[in-house]
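Thanks for asking me to look this one over. My notes are below, in numbered points.

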Amino acid sequence: MPPSVRSRPSTPVVIAIALPLLLAVVVAAISITARARGLGEPAPPPPATGPLAVVPVDAPDATGPDCGKVLAALPAELGDPGDALPTRPLAEPAPPGVRAWVAAPQPVVLRCGLPRPVELTPTSALLEINGVQWLQLSDDAPNPQVVSYVTVDRPVYVVVTEPVDSGSGPLQQVSDVVRGALPAVPVKVR
């Protein structure tokens, strides 16, 4: 039997094999690059900065002296100086005891003087941030965009509603203001 001779594949066969492989590599590279640059997803819209219409709610202590102290001590901007959230104006007629700051996808909104939250029970889990105790309220939505926190150890209830991904900066700053403006009191669970 004669020794077998290996022959090289013809040029058309090599091209037929290499071209789809090269095309797959190019498509993968374009896909990875586009994903890395975020080209496949539209940019989120900029946050709204115009006057915010705030729905009035029951806030019996909103015009009292304690809320006056908190509101007077609030900063014009929340967050770090390089990434601060500016104040957002409120549409008229604005309910008393409310302040807002520009954020996306929803603004940060503070309300002062609300009634005791019904969610506050003897078994409620509380967060302590910079010396202030907060109750986190859940709206049980499958993909919530905002989260609310209520002070529970001060003479008035202060509620901060912020985007879920805004980080802890706004709540820390508000905690500092509340701690400085209002004395701590025992938590009233019933």
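1. What share of the 190 residues in the protein is buried? In this predicted model, buried residues account for 31% of them. The accessible surface is about 12100 Å², and carbon and sulfur atoms contribute 61% of that area.

2. On the overall layout, the protein has three helices and eight strands. Following the sequence, these elements come in the pattern α-α-β-β-β-β-β-β-β-β-α. Taking contacts between residues at least 6 apart in sequence, 59% connect residues at least 24 apart.

3. Next, the sheet. Six strands form an open sheet in the order 3-4-8-7-6-5, and their pairing is antiparallel. Strand 3 and strand 5 (126–129) are the edge strands, each pairing on one side only. From one strand to the next, the twist averages 25°.

4. At the strand 3 edge, residues 98–101 (strand 3) pair with residues 108–114 (strand 4) through four bridges, in the antiparallel sense. The connection between strand 3 and strand 4 is a hairpin of six residues. If you would like a residue pair to look at, Val98 has Arg111 in strand 4 as its bridge partner.

5. At the strand 5 edge, strand 5 runs antiparallel to strand 6 (residues 132–137), and four bridges join them. Here Leu126 stands opposite Leu135 of strand 6.

6. Finally, please have a look at helix 3 (residues 169–181), which lies across strand 4, strand 5, strand 6, strand 7 (146–151) and strand 8 (157–163). Helix 3 runs at about 135° to strand 6.

Note on methods
Residues numbered from 1 in each chain as written. Predicted model: local features only at pLDDT ≥ 70, side-chain atom pairs only at ≥ 80, totals over all residues. Heavy atoms only, no water. Pairing = 2+ DSSP bridges. Helix = DSSP H or I, 4+ residues; strand = E, 2+ residues; numbered from the N terminus. Buried < 20%, exposed > 50% of the residue type's maximum accessible area, 1.4 Å probe, protein only. Contact = heavy atoms within 4.5 Å. Areas by Shrake-Rupley, 256 points an atom, 1.4 Å probe, with all protein chains shown as cover. Axes fitted to C-alpha atoms, helices over the stretch in contact; angles between N-to-C directions.
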